[in-house]
Amino acid sequence: VADASEEMLKQCETLLTARGYQVLLAQNGAEALRVIREEHPDLVVLDLLMPRMTGFDVLREIRQDERVKDTIVLAISSVYKDNILDFLYQLGAQGFLDKTQIQEALAFRVASLLAPPPGTV
């Protein structure tokens, strides 16, 4: 989980660890990219507006790095416009979640993105 807000990091960590996920945390974009490249997580919850490197920039870097280019990315933000969703999907995000829905939907969205496609089990 990458987010500049310590409160949001704790909330996401609590929600995901309660569901049995191991959670790595990063407080800015540069740290997020470093953790992604070093740890190769299955999924990244990525805030779009962070210091040192935006979530958009992190997503671009992930998609250009052969070692982590297939990492699933769920973008999150509390400030966005409708046209941003198309742009995020063009950059390679697999999903988007408004931060106001984190409490209700984060664990479900993560589980959905990590689930194998139907018929592949």
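I take two strands as paired if DSSP finds at least two bridges between them. The model I am working from is predicted.

**Entry 1: the sheet**

I began with the strand order. Three strands make an open sheet, arranged S1-S2-S3, and the pairing is parallel. S1 covers 43–47 and S3 covers 95–98; these two stand at the edges with a single partner strand each, so one side of each has no neighbour in the sheet. I looked up the twist as well, and from one strand to the next it averages 25°.

As a reminder to myself, strands of a sheet pair through backbone hydrogen bonds, in either the parallel or the antiparallel sense.

**Entry 2: bridges**

How many bridges join S1 and S2? I find five between S1 and S2, the latter being residues 72–77, and the sense is parallel. For a single pair I picked Val-44, whose bridge partner in S2 is Val-73.

I then moved to the other pairing. S2 and S3 run parallel and are joined by four bridges. Here I noted Ser-77, which stands opposite Asp-98 in S3.

**Entry 3: the faces of S3**

Are the residues on the two faces of S3 buried or exposed? I find both faces covered. Gly-95 and Leu-97 lie on one side, Phe-96 and Asp-98 on the other, and all are buried. Asp-98 is thus recorded twice in my notes, as the residue opposite Ser-77 and as a buried residue of S3.

**Entry 4: the largest pocket**

Next I looked for empty space. The largest pocket holds about 420 Å³. I list 20 residues in its lining, and those nearest the centre are Gln-22, Val-23, Leu-24, Pro-41 and Leu-43.

Which elements supply at least two residues each to this lining? I find helix H2 (29–39), S1 and helix H5 (102–114). H2 gives the largest share, four residues. By residue class I have 17 nonpolar, one polar and two charged in the lining of the largest pocket.

**Entry 5: Glu-66**

Last, I checked one loop residue. Glu-66 sits in the loop between helix H3 (55–64) and S2. Is Glu-66 buried or exposed? Its relative accessibility is 63%, and the cut-off for exposed is over 50%, so I enter Glu-66 as exposed. I also looked up its separation from Arg-37, which is 29 residues away along the chain; the C-alpha atoms of the two are 10 Å apart.

Note on methods. Residues numbered from 1 in each chain as written. Predicted model: local features only at pLDDT ≥ 70, side-chain atom pairs only at ≥ 80, totals over all residues. Heavy atoms only, no water. Axes fitted to C-alpha atoms, helices over the stretch in contact; angles between N-to-C directions. 1 Å grid on protein atoms, 1.4 Å probe; cavity = no way out; pocket = protein on both sides within 12 Å on 5 of 7 lines; lining within 4 Å. Points joined across faces, edges and corners; volume = space filled by probe spheres on them. Nonpolar A, V, L, I, M, F, W, Y, C, P; charged D, E, K, R; others polar. Buried < 20%, exposed > 50% of the residue type's maximum accessible area, 1.4 Å probe, protein only.
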